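Thank you all for making time this morning. I would like to walk you through one structure, going from its sheets to its cores, and I will try to keep each statement to what the coordinates support.

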Amino acid sequence: MGILNDDAVLVEPGKLSGDPTIVTVNCPDESGLGSTLCRIILEFGLSITRADFSTDGRWCYIVFWVTPDNSSPKIDWNSLKNRLLSACPSCLGSFYLSLQSNVSKPPSLYLLKFFCRDRKGLLHDVTKVLTELEFTIQRVKVMTTPDGRVLDMFFITDAMDLLHTRQRQTETCDHLTAVFGEHGVSCELELAGPELESMQRFSSLPPLAADELFGPDGSDIRGSNSNKAVLTVDNHLSPAHTLLQIHCVDQKGLFYDILRTSKDCDVHIAYGRFSSKVKGYRNLDLFVRGTDGKKIADPKHQANFCARLKEEMACPLRVIIVNRGPDSELLVANPVELSGKGRPRVFYDVTLALKSLGICIFSAEIGRHSTLDRQWEVYRFLLDESRELPLASLRARNQIVDRVTKTLMGW
């Protein structure tokens, strides 16, 4: 195929204010590439408003129309382009080679200690800075001192894989200090050794909480919208592909959820069209094939794939509040891809929702939980009592769950 150039990824700003930015990817294909690209776009706080996808199995051509989420007005488009280029299955010189050479091994884990004066919304504000710097938060520990100061300990990985350099570490601390000004006291970064990596694993979920989160009623957490997806399979329109038509409620990360599920089910999309939203709904046309390169003709295979897609679209995230001794704990779970990656920006969105409600977070942790058929990423937030939303009130709890859910789903 040769070596790609910068034209493998093109980013074209909208002609008028408010118009979507058009991102075009034209590169060699590989299994799951579309899912990877959608994941990167989601990491940057962008919503896909339309998409066209075409591949012959060797080369792919994808066009995304994207807009920033309301909570992410600042987008580094050059960085987005570089990240998309690094995901293309070909080298682009030494910079991209260095990025791709580390794909097969897990990224190094670093510990960021940030000590400052406490205030409402602080955890989200720090999270926002780290997200803009392209860090992924793996775990957080928050400790508050009697004099009103707080020590935030973030276990992070670097999407740019440059945190081992002195320049990247200095830039990170300088950026945090500049943003928080007199509220920031100190910032330290260090490579997390084995003793710190072991701290990432939290204790297992209580059985009652796990049953409520992952039990048969878990898919009903989101309410009536979960039953409004319609999937139609047609094997007559195309001589070589199965046509899958989807009509469903729009939500944040919808195209990502569909592509990651197809990837995990070994269903290959040869052509896809993701239409613009109409009255809160989306229509998708996907021409798909099985691993053997043929139509999906087996009715059982069709039914299993459609059921899995419908489940993932209906309930990509689960949100509940449970009692943890005398305290209240918010639990948020999302399925982990077979590649081992969890959903992007969950921590960012949850802390944003809690900040908007004036709810303070006493502690937070992120870990994994396995059920019979899959692995889940679980976020646990121990909440401080609020005068406006007393956590003992069922109405207040429902309001918190509703706000967190709507923020995560982009509603």
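Before anything else, let me fix one term: when I say that two parts are in contact, or that one covers another, I mean heavy atoms within 4.5 Å. Please also keep in mind that this is a predicted model.

Let me begin with helix α11, which spans residues 394-409 and has 16 residues. From its first C-alpha to its last it reaches 22 Å, close to the 22 Å expected at 1.5 Å a residue. Its buried residues are Ala396, Arg397, Ile400, Val401, Val404, Thr405, Thr407, Leu408 and Met409, and what covers them includes the strands β13 and β14 together with helix α10, residues 346-357.

Two of those covering elements belong to a sheet, so to speak, of their own company: β13, β14, β16 and β15, in that order, form an open sheet of 4 strands with antiparallel pairing. The edges are taken by β13 (318-324) and β15 (361-370), and each has a single partner strand, so one side of each is left without a neighbour in the sheet. On average, and with direction ignored, neighbouring strands here are turned by 25 degrees against each other.

Within that sheet, β14 (residues 327-335) is joined to β16 (residues 375-383) by 8 bridges, and one of the pairs sets Asn334 against Glu377 in β16. Between β15 and β16 there are 9 bridges, again antiparallel, with Ile366 opposite Tyr379, and the two strands are connected by a hairpin of 4 residues. Although β15 is an edge strand, 7 of its 10 residues are buried.

Which residues have the most contacts inside the largest nonpolar core? They are Ile156, Leu330, Val332 and Val404, in a core of 49 residues. Domain 2 (109-191) and domain 4 (317-410) both contribute residues to this core, so it lies between them. If we take Leu330 and leave aside its neighbours within four places in sequence, its contacts include Val350, Leu354, Tyr379, Phe381 and also Val404, the last of which is one of the buried residues of α11. There is also a second, separate core, of 46 residues, which includes Cys27, Leu37, Leu42 and Phe44.

Now for the other sheet, which is open and has 8 strands in the order β1-β2-β4-β3-β11-β12-β10-β9, with antiparallel pairing. Its edge strands are β1 (9-12) and β9 (230-234), each pairing on one side only, and its neighbouring strands are turned by 20 degrees against each other on average, direction ignored.

Strand β3 (residues 46-55) pairs with β11 (residues 268-274) over 4 bridges and with β4 over 9 bridges. Ala51 serves as a useful marker, with Phe274 as its bridge partner in β11 and Phe64 opposite it in β4. In the hairpin of β3 and β4, with 3 residues between the strands, Gly57 takes a positive phi near 95 degrees. On the other side of β4, 8 bridges join that strand to β2 (residues 21-28), where Ile22 has Trp65 as its bridge partner.To close, the two places I would ask you to look at again on screen are the core between domain 2 and domain 4 and the pairing of β3 with β4.

Technical notes: Residues numbered from 1 in each chain as written. Predicted model: local features only at pLDDT ≥ 70, side-chain atom pairs only at ≥ 80, totals over all residues. Heavy atoms only, no water. Core = buried A, V, L, I, M, F, W, Y, C linked by side-chain atoms within 4.5 Å. Buried < 20%, exposed > 50% of the residue type's maximum accessible area, 1.4 Å probe, protein only. Domains from an automatic or database assignment. Pairing = 2+ DSSP bridges. Axes fitted to C-alpha atoms, helices over the stretch in contact; angles between N-to-C directions. Expected span 1.5 Å × (residues − 1).
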